[in-house]
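Here are a few short exercises to work through with the model open. Try each task before you read its solution.

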Amino acid sequence: MSNIHLGLPYPGGVVDHSSNLAHDIGALYLNDEYSDVTLQVSGQTFRAHKVILAARSQYFRALLFGGLRESRQAEVEIKDANLTAFNVLLKYIYTGWVSLSSEKEETVLEILGLAHQYGFEDLESAVCEYLKDALCIANICVIYDMAFLYTLTNLKTVCEDFMDKNALPILNHESFYALSPSALKAIIGRDSFCAPEVYIFQGVQTWVERNSDLTKEQTQEILAHIRLPLISLTDLLNVVRPTSLITPDQILDAIKAKNESRDMDLQYRGYLMPGENVAVPSKGAQVLQGEMRANLLDGNVATYDMDRGFTRHPIDDNNGQGILIKLGMQCIINHMRMMLWDKDQRGYSYYIEVSMDQKDWVRVVDHTRYHCRSWQYLYFSPRVVRYIRIVGTNNTVNRVFHVVAFEAYFSKQEVELNKGLIVPTENVALVTKSALVIEGVSRARNNLLNGDIHHYDWDSGYTCHQLGSGSICVQLGQPYWLSSCKLLLWDCDDRSYSYYIEASVNNRDWELIVDKTREACRSWQTLSFPPRAIVYFKIVGTFNTANEVFHCVHFETPSQVGSENRPKLRGFDHAVAPVRPHHSNSSEEDGGGTAEEAAAAVVMGDAPSSVGVEEGAGVGGAAEGVGLCNNGCSRDRARTNARSESVEEPLEGMREEDNNLLPDGAGADEVHAVINPASHHQQG
């Protein structure tokens, strides 16, 4: 057979005339030709084709070919269907096309009901999307009722968000009184349906009067969702009591709960704004206590130094008042972000309390036992909050607590907590998570934490310490509940190492968590230990088969499955690219932004260090970086491949100074990248 190409005008030999098929099938809509069934709806008949109905809908397949009585009838009655809506649906069955915008609102809702009943999921989703954009005070209740009835989760969620933000006008609208009992209970039972409780009671009272066919039990089930202790004593006696809907005993119980319960135990309602920072002046938030108050909520995390750009309070003589923030409204929050002053290596301890009345406080964050630095990512159980109090309890440099920025959110992100601490699933030993290498020697700042597992050799890409002197110490930004970590030991030849790892929460009390002192270890190390709170990791090498230096290329915690197999991207390790911190002026889900770029630069070592914060209370020689490696390891790189026994080792010719390794002839003032906490001169 000839292999001559025929030159057909169809690329790849594909013929696509599907549009013709849709046109031909659509032409059968309301066409008597070839029809074999008559559908009767509200007294009107529609000629149709069984095979088309069955092919498009499982409902009609069962009705017309499932052995039911209708499968043997030439005329089938469709009960409880709106005539106009069914006509639109039938056209959709034949053509796959419908114009919702040309239909009345009630017809669109009827179409939604038929689409749900007959199993047209794509049409159902399309109608839901259309209704989301059409929500208003006048139609929200009827749309929510239908979404609740048909369990349309996405549409129901959008309706609830709309109702939360417009609770008061919805309570006063006529459509509210047409809600079904189940939908009404769901609405007023939400913590985020936020309006004065007496107004909610009055709305329910009118609803009960308009729906007089309810039994007494059904009415009481609805009234049980009214939070009587949130209603003032005056309104309980003058508004609630005269209606006789609430018994005198229930009113007395409400008064007792109001007077005897802790205020924060009352079931407050609050505004819910997922992903939005509610601690901003544009939403009415203000700082009531603290020095230099204007700086805390301005969103500026780029321009701060030892004199400006932060809010503070003295730790010892503040009477526990701390820094006090008042939100513009009572809000439901479960997440806070706070940036502590971080121009040096100091650590802070603190706690955060929340309140509704400034009298009864609940502690939602307690980091009084831990050292914390830079950005703090804090989660807790959702609470209705009006006041937030941040109280510093310790500063490793002086007795002043400094906060550069503060944000408060409701986050939909699921975060596991143990004893109030985050149990992370992703690596938190990153500069973008405020982690820092505070002891060890390297050519580049935070080499150990930059995620680069490919670019290291005899000269660079690792952090090290002299055996028998010092260690490699990593400080996380805040305490985490951890049970694993992973190391990459320098492995450009066949050497092996021994080492151990200790952990601490305060850089003072250490516990041994990994002991590899009797093992020959090389390259990747995946390590597990009993779960615990950790801020500091101290990695101490005890043996190297090649020389007297311990070298580590990469550190992560918790250990990430498969991180050792991370590929290069165009010759560049994609993990090295800095992840942008969140934008303090944008919604939580936005990710990155420019407001924190300068802060990221400080955390990542791209900005110069500063000394001190307030006058006379500084830290000299602050985190000057991670030191250099050697002056001789580049002499004979060719020996790397040869695996020679006389390899020129990293750090050859180096001497010890201030617990760090410096090249011969180098003075401490010439080394811009040596981390050495012992050399920090603390004042104040």
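**Exercise 1.** This is a predicted model. Leaving out residues up to four places away in sequence, find which residues C331 touches, then work out whether C331 is buried or exposed.

*Solution.* Start with the contacts: C331 touches Y271, M273, V278, R383, V384 and V385, with residues up to four places away in sequence not counted. Next, place the residue: C331 sits in strand β6, which covers residues 323–340. Now look at accessibility. The relative accessible area of C331 is 2%, and buried means under 20%, so C331 is buried. To finish, pick up a partner from further along the chain: F410 is 79 residues away in sequence, yet its C-alpha atom lies 8.6 Å from that of C331.

**Exercise 2.** How do helices α13 and α14 pack, in terms of angle and axis distance?

*Solution.* Take α13 as residues 233–240 and α14 as residues 248–260. Their axes are 10 Å apart and meet at an angle of about 170 degrees. Angles over 145 degrees count as roughly antiparallel, so α13 is roughly antiparallel to α14. Then list who does the touching: α13 brings L233, L236 and V240, while α14 brings I251, A254, I255 and K258. Sorted by class, that contact has six nonpolar residues, one charged and no polar ones.

**Exercise 3.** What is the average pLDDT of the protein chain, and over which residues is the pLDDT below 50?

*Solution.* The chain averages a pLDDT of 83, and 80% of the residues score at least 70. The pLDDT is below 50 over residues 571–684. That stretch still has 288 contacts in the model beyond near neighbours in sequence.

Definitions and conventions:
Residues are numbered from 1 along each chain as its sequence is written. This is a predicted model: local features need pLDDT of at least 70, side-chain atom pairs count only at pLDDT 80 or more; totals for chains, interfaces and linings use all residues. Side-chain values use heavy atoms; hydrogens and water are left out. Axes are lines fitted to C-alpha atoms, for helices over the stretch in contact, and angles run from 0 to 180 degrees between N-to-C directions. Helices (H or I, at least four residues) and strands (E, at least two) are DSSP runs, numbered from the N terminus. Angles under 35 degrees count as roughly parallel, over 145 as roughly antiparallel, 65 to 115 as roughly perpendicular and the rest as oblique. Contact means heavy atoms within 4.5 Å. Ala, Val, Leu, Ile, Met, Phe, Trp, Tyr, Cys and Pro count as nonpolar, Asp, Glu, Lys and Arg as charged, and the others, Gly among them, as polar. Buried means under 20% relative accessible area, exposed over 50%, partly exposed in between (1.4 Å probe, protein chains only). pLDDT is the predictor's confidence in each residue, from 0 to 100.
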